Amino acid sequence: MLTAVVTRGSQIEVKFVAAEEGEGEHTEVDCEFPLEEGSSGNYPCEEGPSPIAPEVKELAWGAGSFIVLALLMRFFLFPRLKKGMDARYAHIRAGHEQADNARAAARAEVSEYESALATVKAEANERVDAARHTLETERQARLAEVNAAIAAKREAAAAEAEAAREAVRGDITTAATDVTARTIELATGKTPDPDAVRSAVEQSMTAGVAS
């Protein structure tokens with residue numbers, strides 16, 4: 001039966017020896033963990049440490065690394081991280097303040113624009129009212145002029161018509177007077193008074209028009 005013998009030095013060596021041969025060849029050199037001098041045992045090598053149990057130096061290195069990391073975090077990394085967070089918070093806060101200022105400025109501009117627009121509308125309404133009043137005044141004046149012109153023309157036409165009517169009336173009166181005087185002269189053989197005949201004719205015509 002073969003037995004594996006492991007020797008660890010600068011490099012690991014594995015050697016297989018026969019059971020009968022190996023029983024007489026076990027020495028302290030072949031054992032990775034040889035028995036201490038004075039200890040008793042059937043096997044010349046003692047059992048090695050547990051592969052999962054940490055060693056004291058590993059615990060010391062781990063604790064030292066943790067302490068160093070904690071000190072770095074406390075005195076170097078965390079202050080820099082906190083400084084960066086504070087700077088970022090200040091930058092964001094400044095951005096919010098700038099946005100608030102821009103919003104307030106925009107609202108002020110909108111208010112000014114609305115006020116200016118209301119002023120322009122009021123001025124436009126005043127100008128429209130003034131123009132409307134001016135147009136109404138001019139229209140009334142022009143209408144008065146036209147009415148006056150129409151009245152003047154109407155009066156002139158009426159005067160012309162009255163003159164024409166008087167002329168026609170005079171002609172008719174003259175003609176009627178002549179006819180009446182001639183009729184009386186033929187009937188009576190005497191020449192009547194022209195003024196009396198004319199007066200009588202005018203009275204007859206006036207009575208006929210009035211009736």
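Two residues are in contact here when heavy atoms of theirs lie within 4.5 Å. With that in hand, a good place to start is Thr177, a residue of helix α2. Setting aside neighbours within four places in sequence, Thr177 is in contact with Pro194, Val197, Arg198 and Val201. The model, it should be said early, is a predicted one.

Stepping back to the whole chain, the secondary structure amounts to three helices and two strands. Followed along the sequence, these elements come in the order β-β-α-α-α. Helix α2 covers residues 56–188, and most of what follows takes place there. The protein chain has 211 residues, of which 6% count as buried. About 17900 Å² of the chain is exposed, with carbon and sulfur atoms supplying 60% of that area. As for contacts between residues at least 6 apart in sequence, 21% of them join residues at least 24 apart.

Against that background, is Thr177 buried or exposed? Its relative accessibility is 7%, and the cut-off for buried is under 20%, so Thr177 counts as buried. A similar story can be told for Thr173, which also has its place in helix α2. Thr173 has a relative accessibility of 3%, so this residue counts as buried too. Which residues does Thr173 touch, not counting those up to four places away in sequence? The list is Arg198, Val201, Glu202 and Met205. Arg198 and Val201 thus turn up for Thr173 and again for Thr177.

Next come the charged residues. Side chains of opposite charge can pair when their charged atoms come close. In this model the count comes to nine salt bridges, and three of them can be walked through one by one.

One of these joins Arg103 to Asp100, with the closest N and O atoms 2.9 Å apart. How far apart are the two along the helix? Both belong to helix α2 and stand three residues apart, so about one helical turn separates Arg103 from Asp100. Arg103 has 42% relative accessibility and therefore counts as partly exposed. Asp100 is likewise partly exposed, its relative accessible area being 43%.

Another salt bridge links Arg142 with Glu145, and here the closest N and O atoms are 3.3 Å apart. These two residues again lie in helix α2, three residues apart, or about one turn of the helix. On the surface side of things, Arg142 has a relative accessible area of 53%, which means that this residue is exposed. Glu145, at 48%, is partly exposed.

The side chains of Glu162 and Arg165 also meet in a salt bridge, at 2.1 Å from N to O. Because Glu162 and Arg165 are three residues apart in helix α2, about one helical turn lies between them. Glu162 counts as partly exposed, with 31% relative accessibility. Arg165 comes out at 54%, and exposed means over 50%, so Arg165 counts as exposed.

Nonpolar side chains have their own spot on the surface. Val68, Leu69, Leu72, Met73, Phe76 and Leu77 form a nonpolar patch there, and together they offer about 520 Å² of accessible area. Phe76, one member of this patch, has its place in helix α2. Is Phe76 buried or partly exposed? With 42% relative accessibility, Phe76 counts as partly exposed.

Finally, there are the aromatic rings. How many aromatic pairs does the structure hold? The number is zero. A ring does meet a charge, though: the charged end of Arg74 sits over the ring of Phe75, at 5.3 Å from the centre of that ring.

Conventions. Residues numbered from 1 in each chain as written. Predicted model: local features only at pLDDT ≥ 70, side-chain atom pairs only at ≥ 80, totals over all residues. Heavy atoms only, no water. Phe/Tyr/Trp six-rings, centres within 6.5 Å; stacked < 30°, edge-to-face > 60°. Lys NZ or Arg CZ within 6 Å of the ring centre and 35° of its normal. Helix = DSSP H or I, 4+ residues; strand = E, 2+ residues; numbered from the N terminus. Buried < 20%, exposed > 50% of the residue type's maximum accessible area, 1.4 Å probe, protein only. Areas by Shrake-Rupley, 256 points an atom, 1.4 Å probe, with all protein chains shown as cover. Patch = residues over 30% accessible without salt bridge, like charges linked within 9 Å, V, L, I, M, F, W, Y side chains within 5 Å. Salt bridge = Lys/Arg side-chain N within 4 Å of Asp/Glu carboxyl O.
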